[in-house]
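Thank you all for making the time this morning. I would like to walk you through one structure, and I will put the sequence and the model on the screen before I say anything about them.

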Amino acid sequence: GHPKKLMDELAAQIETFGRYGFNKSHSVAYSVLSYQTAWLKAHHPAEFIGAILTSSIGDTDSVVKFINEARGLEIDVLPPDVNESGWKFTVVGPKRIRFGLGAVRNAGEGGVDSIVAARRQGGPLTGIFDLCDRIDLRLCNKRVLEALIASGALDGLGGHRAQLWAVLDSALQEASLRQ
């Protein structure tokens with residue numbers, strides 16, 4: 001019941017918008033997003049890089065790329081540490097990010113959560129025997145602890161990595177008996 005000329009004009013407008021308007025609206029949205037991320041990177045670089053690193057957990061190539069980006073911004077990415085790291089990458093200073101335990105290969109979420117819970121309940125971990133005593137060995141097994149030793153996450157507990165490897169079995173055995 002509408003005039004053909006009006007319908008043809010309306011169809012032509014829809015076709016024009018379909019070619020140009022959709023792309024234009026998306027380019028505006030992307031430009032706003034680009035501006036916001038550039039502002040965050042300029043004014044809060046450590047938090048920005050920390051968030052990007054956290055979103056890349058599980059993708060080693062991306063984590064390496066963003067750690068290099070952090071170095072370019074003169075931000076230190078500190079190694080993982082069972083007494084300071086959580087699952088995510090954490091900003092610990094104006095230009096310092098602590099490596100997240102979630103990005104350590106073979107350190108599962110349950111094991112990391114067990115370590116963080118032990119640290120919250122009893123304070124800092126003092127050694128590998130203390131660590132094994134305070135964590136849930138069903139969640140944080142030998143494989144997880146080996147991955148943490150290899151990554152340097154237990155370096156702050158004293159001793160060299162070779163020493164930690166050497167006593168791991170006896171620490172797990174004693175903790176298992178106590179638990």
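**A contact at Arg-143, and what lies around it**

Let me begin with one pair of side chains: that of Arg-143 makes a polar contact with the side chain of Asn-106, at 2.7 Å. Please keep in mind that this is a predicted model, and that the distances I quote are computed from it.

Arg-143 is located in helix H6, and it counts as exposed because its relative accessibility is 52%, where the cut-off for exposed is over 50%. Its C-alpha lies 9.7 Å from that of Gly-108, although 35 residues separate Arg-143 and Gly-108 in sequence.

The partner, Asn-106, sits in the loop between strand S3 (96-98) and H4, and at 38% relative accessibility Asn-106 is classed as partly exposed. Its backbone deserves a look as well, since most residues other than glycine have a negative phi. Asn-106 has a positive phi, near 75°.

There is another residue of this kind to point out, Glu-74, whose phi is near 60°, again a positive value in a residue other than glycine. Glu-74 belongs to the loop between H3 and strand S1 (76-78), and with a relative accessible area of 61% it is exposed.

Let me turn now to helix H4, which has 14 residues and spans 20 Å from its first C-alpha to its last, close to the 20 Å expected at 1.5 Å a residue. Several residues of H4 are buried, among them Val-112, Ile-115, Val-116 and Ala-118, and the buried residues of this helix pack against H5 and H6. After H4 comes Gly-123, which has a positive phi near 85°.

Helix H7 covers residues 161-178, which makes 18 residues, and its reach from first C-alpha to last is 25 Å, close to the 26 Å expected at 1.5 Å a residue. Within H7 there is a bend of about 45° at Val-167. The buried residues of H7 are Leu-164, Leu-168, Ala-171, Leu-172 and Ala-175, and what covers them includes helix H5 (128-134) and helix H6 (142-151).

That brings me to the interior, and to a general point: in soluble globular proteins, nonpolar side chains tend to be buried together. Here, the largest nonpolar core has 41 residues, and those with the most contacts inside it are Leu-145, Leu-148 and Leu-154. At least two residues of this core come from each of helix H2 (45-55), helix H3 (60-72), helix H4 (109-122), H5, H6 and H7. To take Leu-148 as an example, and leaving aside residues up to four places away in sequence, it touches Val-82, Leu-101, Val-104, Ala-107, Ile-115, Ala-153 and Leu-154.

I will finish with the cysteines, and with a question that may come up: how many disulfides does the structure hold? It holds zero. Cys-132 is in no disulfide, and the nearest cysteine sulfur, which belongs to Cys-140, is 7.8 Å away, so the pair falls outside the 2.5 Å cut-off for a disulfide. Cys-132 is buried, as its relative accessible area is 0%, and Cys-140 is likewise buried, with a relative accessible area of 0%.

Key: Residues are numbered from 1 along each chain as its sequence is written. This is a predicted model: local features need pLDDT of at least 70, side-chain atom pairs count only at pLDDT 80 or more; totals for chains, interfaces and linings use all residues. Side-chain values use heavy atoms; hydrogens and water are left out. Helices (H or I, at least four residues) and strands (E, at least two) are DSSP runs, numbered from the N terminus. The expected span of a helix is 1.5 Å times one less than its number of residues. The bend at a residue is the angle between axes fitted to the seven residues ending there and the seven starting there. Buried means under 20% relative accessible area, exposed over 50%, partly exposed in between (1.4 Å probe, protein chains only). Contact means heavy atoms within 4.5 Å. A nonpolar core is a set of buried Ala, Val, Leu, Ile, Met, Phe, Trp, Tyr and Cys residues joined through side-chain atoms within 4.5 Å. A polar contact is a pair of N or O atoms within 3.5 Å; within protein, one must be able to donate a hydrogen and the other to accept it, and residues adjacent in sequence count only if both atoms are side-chain atoms.
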